[in-house]
Amino acid sequence: MIIYGCVQLVLCQVPNFQKLSWISILAAVMSATYSVIGLGLSVAKVAVNEGGGTKAATTTVGLHVSEGHELWRVFRAIGDIAFAYSYSTVLIEIQDTLRSSPPENRTMKRASFVGITVTTLFYLLCGCVGYAAFGKAAPGNLLSGTGFRQPLWLVNIANICVAVHLVGAYQVFCQPIFSFVESRCRQRWPESKFVTMEHPVTVGGGTTTATVCHVNWFRLVWRSAYVVVTTALAMTFPFFNDFLSLVGAASFWPLTVYFPVAMYISRAKIPKFSFTWAWLQCLSWACLVVSLVAAAGSVEGLIQSMKKYHPFKS
């Protein structure tokens, strides 16, 4: 985690999202690679008939897991799914990197359709085949812990792809936050040299190979502090899946469903209480229920994880 944080300290100094398009492409390739590896290992495990039990409606559900606890785990899984589709916070930033011909909205619509279709296919295949391979004992991460351990070289390649993907994902989600905070600070303190001034720094000794980088002290301090804090929190609370589920539950309904639906109704001037308006409202309320259920399961999972890792537990 410390090495990961150090890498992010360097990458976070890239001024804007446009200059990081290459890392977004690399992250997408890495995501597809480790998904295919996990899927292939799951298929191989099912093929040799090593899968676990997969019955849901039984008195004893899972390995030493009560029915109530199993239900909480289902709720947390819903939060994980919600997190996987909460990309609306970076949608505008990605669209801003596109060229204006053809129109950005048309290109973005096509890209969203293709992206959601491909990722959903991967998610469903990995989820269903992984469940067939491990049954109720399916781990939170198929590529670590109680998941796949052999062949070691292939599992290691997959985990390297996961690490590289997370490096890119961190940047994709943090750059809009950096941009928002820094633009607001420039508006609030336009006379401050600490906030607004760019200092040119020459990198490289030769005249032809030298590169001029611009350093802003506020950007350097604020982004570095952000990375340090997030890395420290990640090291302090090692409950990855539970936090993913909680973040997904908190952001899914307001950012992915409610605001887009409300903006569409306003922009399209859909009459109130019409069929389309009623259907969109039903969709919004149903997703709110999903978020609340997922949040409840995530909080319960965090409580159980904290009890498990409590240092004074006898």
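Let me start with Cys12, which counts as buried in this predicted model, its relative accessibility being 0%. Cys174 is buried as well, although here the relative accessible area is 6%. With two buried cysteines on the table, what is the distance from the sulfur of Cys12 to the closest cysteine sulfur? That closest sulfur belongs to Cys174, and the separation is 5.8 Å, which is too far for a bond. Seen from the other side, the nearest cysteine sulfur to Cys174 is that of Cys12, at 5.8 Å, and Cys174 is in no disulfide. Since a disulfide requires the two sulfur atoms to be within 2.5 Å, this pair does not qualify, because 5.8 Å is too far. A search of the whole structure accordingly comes back with 0 disulfides.

Let me turn now to the nonpolar cores. The largest of them has 14 residues, and those touching the most other members are Tyr34, Ile37, Leu41, Phe134, Leu143, Phe148 and Ala158. At least two residues of this core are supplied by each of three helices, namely α2 (21-47), α5 (104-134) and α6 (152-188), and α6 gives the largest share, with 5 residues.

To look at one member in detail, which residues is Ile37 in contact with, once its neighbours within four places in sequence are left aside? The contacts of Ile37 are then Leu154, Ile157 and Ala158, and Ala158 is itself among the residues that touch the most other members of the core.

Finally, apart from this core there lies another one, of 11 residues, including Phe252, Ile265, Trp277 and Leu288.

Conventions:
Residues are numbered from 1 along each chain as its sequence is written. This is a predicted model: local features need pLDDT of at least 70, side-chain atom pairs count only at pLDDT 80 or more; totals for chains, interfaces and linings use all residues. Side-chain values use heavy atoms; hydrogens and water are left out. Buried means under 20% relative accessible area, exposed over 50%, partly exposed in between (1.4 Å probe, protein chains only). A nonpolar core is a set of buried Ala, Val, Leu, Ile, Met, Phe, Trp, Tyr and Cys residues joined through side-chain atoms within 4.5 Å. Helices (H or I, at least four residues) and strands (E, at least two) are DSSP runs, numbered from the N terminus. Contact means heavy atoms within 4.5 Å.
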